[in-house]
Amino acid sequence: MNPQGIIQLHDEYRKRVLNMQASENFLSYKVRKALASDMASRYSMIFDQEVHGSFVHNAYGGTKYQEEIKEYAENKAREIFGFKFANVKPISGHIAAMTVLISLTEKGDKIMAIPPELGGYDGYSQPYMPDMFSLKFVPLSLKNMREIDVEKIRREKPKLIILGASYILFPYNLDEVLEVAEEIEARVVYDASHVMGLLPAGFQKGIGKCDAVYGSTHKSFPGPQGGIIFTNDESIAEKIERNLTWRTQDNYHTNRVAALAMALYEFSPVAKVYGKKVAENSKTLAQALEEDGLGIKYSPYYTNSHQILVDEKSLKEKFSLTPPQMGELLEENGIIVDSVGRIGTAELTWKGYGPEDMKEIAGLIIAVLEGESVRDEISQMVDKWDGKTIGEKL
Ligand SMILES: Cc1ncc(COP(=O)(O)O)c(C=O)c1O
């Protein structure tokens, strides 16, 4: 089959399922149009300095509207997230993380982050970024997915503390971490890749006091795949900008920035409520699943975010399934989740599904785990959607 046919099959397939992967979200048609615009094959690199004896504003020509939309995206991001500086250049959350790391550390520095076994992002531990940048990684201790052990930080005296994780359910004890960081003169940054879309509704209070907040723009935030970095510190903003040119990347993909501008525009009217709706949906789903017989971790609080974590022990004991087997069974019935037992509500919330739908979906998930086929019922849930995201409706 030719590529066009394969792409069409993918699009048709994904239109007929409920996507509940915590790392993904739905792109409105205007955001997709921006990704496919002429900007997709254009360059732009603003210098505003002397290069080989002459003043250069932009290394490339024809960039007038690319510059205008980048400025729009940065202004809108600052306004929505409440930071003095926003940089939309990173082409991914990982590149944003690398850029922040090299901007705030020197070779040989000790960094602390949540380790993968507690849900942290693998990239911060050996053999990944710490090895690439000659940093020493020491794991943070985390209790109940929310309490960072500040005594360990006090003892270890790292130069940089990285909060945030791939499994993230609750806000952290950020004020205590900031207090210890001040005492030991460490910097604190927050990888908000997973909870970006939830921050404007107040998921993590006091986040503006971190030295930098950064992450992906496509998990709980309904934007194109990419990254963003925020800070309130001008000298950090300058370092980040410098490191994004010829160090962690070159071209920043201006169609992606145009799509991000469109996503920010559509997100803006619901920025303060979307995160609350997401958390309400997650909690309702967790509670209903547990009532129907599937254990969910951190009961009875479950989560304040877009993810819930299935209790593997309960899955094994009650349904004789592992998380990847659960994923396969659900996919056969038209519900997409990842293979690690994480269920996400960001995309369905962005499409306008609410708590009553979550209860219905919980019932369908349990039916699948019990071996029933619910393909038609899922199909009806898919058909319930009116084609507009909650951002487009306002
Ligand atoms: C906490 C965290 N940080 C960074 C990343 C990398 O993000 P991206 O896929 O945008 O590079 C991930 C990816 O899942 C993540 O979970």
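In the predicted model, Phe137 of β6 is the bridge partner of Ile111. This pair belongs to the contact between strand β5, residues 110-113, and β6, which pair in the parallel sense over 4 bridges. Within the same pairing, Lys110 stands opposite Lys136 of β6. Strand β5 is also joined to β9, through 3 bridges, and these two strands likewise run parallel. Here Ala113 has Ile162 of β9 as its bridge partner.

These pairings form part of an open sheet of 7 strands, with mixed pairing and the order β4-β12-β11-β10-β9-β5-β6. Its edges are formed by β4 (85-87) and β6 (136-139), each of which pairs on one side only. On average, neighbouring strands of the sheet are turned by 20° against each other, direction ignored.

Strand β9 spans residues 160-163 and includes Ile161. Ile161 is classed as buried because 25 other C-beta atoms lie within 10 Å, the threshold for this class being 20 or more. When neighbours within four places in sequence are left aside, the contacts of Ile161 are Met112, Ile153, Val177, Ala181, Ala186 and Val188. Glu50, by contrast, is separated from Ile161 by 111 residues in sequence and by 37 Å in space, C-alpha to C-alpha.

Helix α8, residues 234-243, lies across β4, β11 and β12 (227-231) and runs at about 10° to β4. Its buried residues are Ile236, Ala237 and Ile240. Viewed down the axis of α8, these residues fall within an arc of 100° and therefore line one face of the helix. The cover over the buried residues of α8 includes β4, β11 and β12, together with α4. On the face turned away from the buried side, α8 carries the exposed residues Glu234, Ser235 and Arg242.

Helix α4 and strand β11 also take part in the surroundings of the ligand. Of the 15 residues around the ligand, those that come nearest are Ser92, Gly93, His94, Ser166 and Ser216. Two or more residues of this shell are given by each of α4 (93-104) and β11 (212-216). The largest contribution is that of α4, with 3 residues. By class, the shell comprises 11 polar, 3 nonpolar and 1 charged residues.

Several backbone features occur in the loops. The peptide bond joining Gln126 and Pro127 is cis, with omega of about 5°, and Pro127 lies in the loop between β5 and α5 (129-132). A cis peptide bond also joins Ser299 and Pro300, again with omega of about 5°; Pro300 is located in the loop between α10 (271-291) and β13 (307-309).

Positive phi values are found at two histidines. His52, although not a glycine, has a phi of about 45° and is found in the loop between β2 (46-51) and β3 (54-58). His253, also not a glycine, has a positive phi of about 60° and lies in the loop between α8 and α9 (254-267). His52 counts as exposed because it has 5 C-beta neighbours inside 10 Å, whereas His253 is buried, with 23 other C-beta atoms within 10 Å.

Note on methods:
Residues are numbered from 1 along each chain as its sequence is written. This is a predicted model: local features need pLDDT of at least 70, side-chain atom pairs count only at pLDDT 80 or more; totals for chains, interfaces and linings use all residues. A residue is buried if 20 or more other C-beta atoms lie within 10 Å of its own, exposed if 12 or fewer, and partly exposed in between; C-beta atoms are placed from the backbone. Two residues are in contact if their C-beta atoms, placed from the backbone, lie within 7 Å. A residue is near a molecule or strand if its C-beta atom, placed from the backbone, lies within 6 Å of it. Ala, Val, Leu, Ile, Met, Phe, Trp, Tyr, Cys and Pro count as nonpolar, Asp, Glu, Lys and Arg as charged, and the others, Gly among them, as polar. Two strands pair if DSSP finds at least two bridges between them. Axes are lines fitted to C-alpha atoms, for helices over the stretch in contact, and angles run from 0 to 180 degrees between N-to-C directions. The arc is that of the directions from the helix axis to the C-beta atoms.
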